[in-house]
Each structure stands twice: as structure tokens, then as C-alpha cells.
Amino acid sequence: MAIKNIITEPNKILRQVSKPVEQVGKEEQNLMDDMLDTMYSAKGIGLAAIQIGVPKRIIVLDISDKEKKENKPMYFVNPVVKNKNSDLSTYEEGCLSVPNQFAEIDRPSNCEVEYLDYNGEKKLLKAEGLLSTCIQHEMDHLEGILFIDYLSKLKKSMIIKKLSKQKNKVDRIVV
Ligand code: ZN
């Protein structure tokens, strides 16, 4: 297991559409282990493979109560939304690939997702609340979509400008 570098916006890689996984094998399991390590170390609750530069349709989540100190990882390979309701719920979202930026986003409050688990078994999950929002946020990554894409053009460009500036900052040294 290893902690990987998380790609941040602006970066074209994040805009790539990820490819379906043909079979869940050792390579995919290693990738999921690395993704989880990376996510925990960055203190996130979800991560898509593309965020560490791998264009595969894989996401990991852990929305368990952090105070309980018990990890409850969830793995989704080739997730497909089968159903979602028209009621929306709103969360203030952030993203490990859009550091230190947050915005309120509306998403369907319930969704049903079909996917393969860590062992390649087909599963169906009914998600609501935070889980529903997280799954949809991560699944957007598989399509090259970021939460800032739902904001007004002006807000989005302000955020991207800020992030570009942070990236280009030269290290200051005092000698
Ligand atoms: Zn994200």
C-alpha cells in the first residue's frame, strides 16, 4: 500500500473520462488499497482513481464517524446509477482535487447504484443522505466532472484562478 500524489485542478487529467474495468484482479485491488491510503492520509471521505492519475472507473469512500476511529471503507468498481429520486439535498462540498474550496451543491437525495465490490462481486446499494451525495460526487470524477462545474461561470473561474496562483507560487527561502 502506498500514498499517492493527488492531482489538483487545473489539470487536464481530471477532465478525462475513465474507462470501465474488465475484471477486478490483484492490480485493481492494489490500486484500491493505494487509493484508500491516499484518501485517509489527505483526510478525505472519497476518492476516484483518476484523482491519482489512473483513468479506471473505481471509487473508494469512507463516510464513517471519524471519532469512532473504526474505518469502514467502501469500494465501487464500474458504478452505475440505476435510480435516483427527484428530491434534492444540499451539502457544502469540497474535493481533494480542488483544495480549500467549498460550495453548496444540490444533488438527488437518494440513489441506487450497481457496482462490483473489492472482490469483483456484483452489488446493488441504496444510498441516501451523505452517502448518496458522496457517491454522485465521486462518480462525476469518472466523467471528468468536478463540483465547481455546477457553479456559475464567474464563481468557477475565480476558484480556478485562485488554484492556479497557488500552484505557481515559488517557494520563498530566507538564507
Ligand atoms: Zn472530488
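The following legends describe close-up views of a predicted model.

**View 1. Surroundings of Ser64 in the loop between β2 and β3.** Ser64 belongs to the loop that runs between β2 (58-61) and β3 (74-84). Its relative accessibility is 15%, so Ser64 counts as buried, the cut-off for that class being under 20%. Leaving aside residues up to four places away in sequence, Ser64 touches Glu70, Asn71 and Lys72. For Glu70, the view also includes a polar contact: the side chain of Ser64 reaches the backbone oxygen of Glu70 at 3.3 Å. The side chains of Ser64 and Asp62 are joined by a polar contact of 2.6 Å. Ile45 may serve as a further reference point, with its C-alpha 8.5 Å from that of Ser64 in space and the two residues 19 apart in sequence.

**View 2. Thr38 in helix α1 and its contacts.** Thr38 is part of helix α1, which comprises residues 26-41. With a relative accessibility of 1%, Thr38 counts as buried. Apart from residues up to four places away in sequence, the residues touched by Thr38 are Ala2, Ile3, Lys4, Ile6, Leu47 and Ile52. Lys4 also takes part in a polar contact, in which its backbone nitrogen lies 2.9 Å from a polar atom of the Thr38 side chain.

**View 3. The largest pocket and its lining.** This pocket encloses about 450 Å³ of space. The elements that give two or more residues to its lining are β4 (88-95), β5 (98-108) and α2 (129-142). Of these, α2 gives the most, with six residues. The lining of the largest pocket consists of 24 residues, and those nearest the centre are Ile45, Glu93, Gly94, Cys95 and His137. By residue class, the lining of the largest pocket has eleven nonpolar, nine polar and four charged members.

**View 4. The second largest pocket and its lining.** The volume of the second largest pocket is about 160 Å³. Two or more lining residues come from each of β3, β5 and α2. The most is given by β5, with four residues. The lining of the second largest pocket is formed by Val81, Lys84, Ile105, Asp106, Arg107, Pro108, Gln136, Met139, Asp140 and Tyr150. These residues divide into five nonpolar, one polar and four charged.

How values were computed:
Residues numbered from 1 in each chain as written. Predicted model: local features only at pLDDT ≥ 70, side-chain atom pairs only at ≥ 80, totals over all residues. Heavy atoms only, no water. Buried < 20%, exposed > 50% of the residue type's maximum accessible area, 1.4 Å probe, protein only. Contact = heavy atoms within 4.5 Å. Polar contact = N/O pair within 3.5 Å; in protein donor to acceptor, adjacent residues only side chain to side chain. 1 Å grid on protein atoms, 1.4 Å probe; cavity = no way out; pocket = protein on both sides within 12 Å on 5 of 7 lines; lining within 4 Å. Points joined across faces, edges and corners; volume = space filled by probe spheres on them. Nonpolar A, V, L, I, M, F, W, Y, C, P; charged D, E, K, R; others polar.
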